[in-house]
Amino acid sequence: MASLIARTVRRHLLLRAKISRDLTSLPPIPNRLFPTVRLVHTSFAAFNRTIRDDDISLLEAKQDPDTFGTLSPSVPEPDRLDEGDLREENFLQNLPARSQKLSTKQYADLIKGHLKNRRVKEAIDVLEVRMKEDRVKPVNYLFNLVIGGCARVGYSKKAFQLYNKMKQHGLKVTGGTYTSLFNACANTPFVGGGLEKANRLREIMIEKGYEPNESNYNAMIKAYGRCADLKTAFALVDEMQAKQLNINTDTFNFLLQACISDAEFGFRHALLVWHKMYRMRAVPDVYSFNLLLRSVRDCGLGDLDATTQVIEQILTQSQPKLAQKESFQPALIEESSPDTPKELQITQQRDEIIQEGTPNLLSRRPHLGSLVSLGQVTEPQDRLLLLGGASNFLEEMLKLNLQPDIKTMTELLDVVPPTTVAEKQVLSTIRRLGIRCDIDFFNILIKKRSMRFDYEGAREVLTMIRTARLEPDIVTYGVLALGCRTQDEARALLKEMEEAGARVNIQILGAMLRQGTAMKNFRYVTEILKIVKQERFKPNEKFLEHLDAFNRQCEKMDKKYDKNARRAGREEFKLEYNRYKLKLDHWMDHMGLKGLKLDDARGVVREHPWEQFKQSQADGFEDTKNPKLRHKRKKQHSIRKVQVDELGGGEQSGGRLE
């Protein structure tokens, strides 16, 4: 009712205002003719001004049912527009040109090019930035490409983020997507996180009713094996058997990778996997032999009781008439009875598998030769002897028509006895088989000689590298730094690197620091710290560990000298040690590590492994470390000109290849 009255009053006022305007527009009338009209006109004009200035504006503002908001008719505009409005305006106004949009194949080629050169961030930006700016909706093929690229470098967090975005876009998740995600779990630097993600992904597959194929199972075995969950890895192989899926050489290779992840029991597991591969008629390839050598180098036998039982099981099941249905789970994981003796009861085995001489657990018909006890099998060369030695290992490869490659010989060099004689036999085998060497092989040879303090023999390898028409890389100088026992030797190596155009890094300086601390040379250690400061390097965890161990050792020596003031060399040690402490305090303060304990200092210098994938790739790397060149095959040349028989080097006892 009130609104009706207000509208009525408003109409009357407007009508009166209109009449007033009409009267005002009339020509003036003489007062003598119409004095009354003039009075009326004047009254209406005054009334009109009053109403127009006050009542009409207030009524329109207050009582108009179509007017909302504040009493003030003008609202001030904000100084800054809302970010959402700006994005919307930018989206509507900046439409991409038709030539800017690419086809799916062109976007895929861009992503592949970045991933080939290990430019992970740039590949991700094509999917998340470039295609968004081009207003192009990505397809699952492009998502799978980027997820696969993240998986190969272990960037599991981003791989699963892209997987979630893929589902948000309503795109189909394929078997290749699951394979890439499990590869991301396998390659992640965080084992616990990788295992957790693998378990969750496996649950998702079960919830969705997805039936894994052979590639999915192989990726799952790889993921669980590398994340140290061997039980699940071997259970997955049993699951493949139950579903009658093909268990091929690739599956066994992933199982061998799982064995390598167990440093304590891995070699025992690898032996069982190897003979199950034979019994299931899967043929090992070169990669299988290389993985077996890796288990020889990195893994142990574990508990001798369980290992004895496993070897007896291998010897028994290798007989054709005793072959049974294979199961991967129990013998590999479960521990044996404590009542089992620690010596192999060879006399209880069948006469046909008892042979004299070197044991051979590698062939289809394994035997232990004259071995009685496993108690002395502790070093890699001892485990290699269980496989028949280097000669028998290569012979088994030739029986399967497999040609050893340089990676095989590099792995073999790493597990033969640490003697010059054994190394010469490996070099002679390479020449006889015509295998072309790369720089990695010689780097391992230098490292092997440096670790047994044969520094002259390590320097001799440089001559072999030049003879083979190869060039040292940054790793070569790193292993040569292991032999720099004095300041002069370190300076000579740094000068040699400068002349070769190779830039020193913190790893090389860390190797020199290790030698300086081992020699208790304060001036040597101080010079290394000075170079780190001058080159503006960030010390890594290994560098700080060497420095902390040296400082604790010096503190113990200082206390001993304080207890015995007449001890020889006290004054000289005190002088050098006090000078070193002053320079060390200044260096630690410059690095932002002063007053920190070792664990806290590690946290400061530790770099997150995924940080490199969040930054664009910088130019200016030296060729040997440039990621753009990593996909190219390394140079390989023949060593036929290397005179193996004339090579010197410090002789060590026990030099025998087989």
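Which residue just after α22 takes a positive phi? In this predicted model, that residue is R469, where phi is about 60°.

The helix that comes before R469, α22, runs over residues 455–467, and because 13 residues at 1.5 Å a residue should span 18 Å, the 19 Å between its end C-alpha atoms agrees with that expectation. Within α22, the buried residues are Y455, G457, A458, E460, V461, L462, M464 and I465, and the elements that cover them include α20 (420–433), α21 (439–451), α23 (474–480), α24 (487–500) and α25 (506–518).

One residue of helix α24 is E496, which touches R459, L462 and Y477 when residues up to four places away in sequence are not counted. E496 is partly exposed, with a relative accessible area of 22%, and its C-alpha atom lies 9.2 Å from that of Y477, although the two are 19 residues apart in sequence.

The structure holds 34 salt bridges, among them the three listed here.

| Salt bridge | Closest N to O |
|---|---|
| K243 and E211 | 2.7 Å |
| R606 and E541 | 3.1 Å |
| E545 and R602 | 3.0 Å |

The pair of E545 in helix α27 and R602 in helix α29 links parts of the chain 57 residues apart, and E545 is partly exposed at 25% relative accessibility. Elsewhere, salt bridges that share partners join E423, R449, R452, D454 and E460 into one network. For the pair of K243 and E211, K243 is partly exposed, with a relative accessible area of 34%, whereas E211 counts as exposed at 52% relative accessibility, because exposed means over 50%.

Technical notes. Residues are numbered from 1 along each chain as its sequence is written. This is a predicted model: local features need pLDDT of at least 70, side-chain atom pairs count only at pLDDT 80 or more; totals for chains, interfaces and linings use all residues. Side-chain values use heavy atoms; hydrogens and water are left out. Helices (H or I, at least four residues) and strands (E, at least two) are DSSP runs, numbered from the N terminus. The expected span of a helix is 1.5 Å times one less than its number of residues. Buried means under 20% relative accessible area, exposed over 50%, partly exposed in between (1.4 Å probe, protein chains only). Contact means heavy atoms within 4.5 Å. A salt bridge is a side-chain nitrogen of Lys or Arg within 4 Å of a carboxyl oxygen of Asp or Glu.
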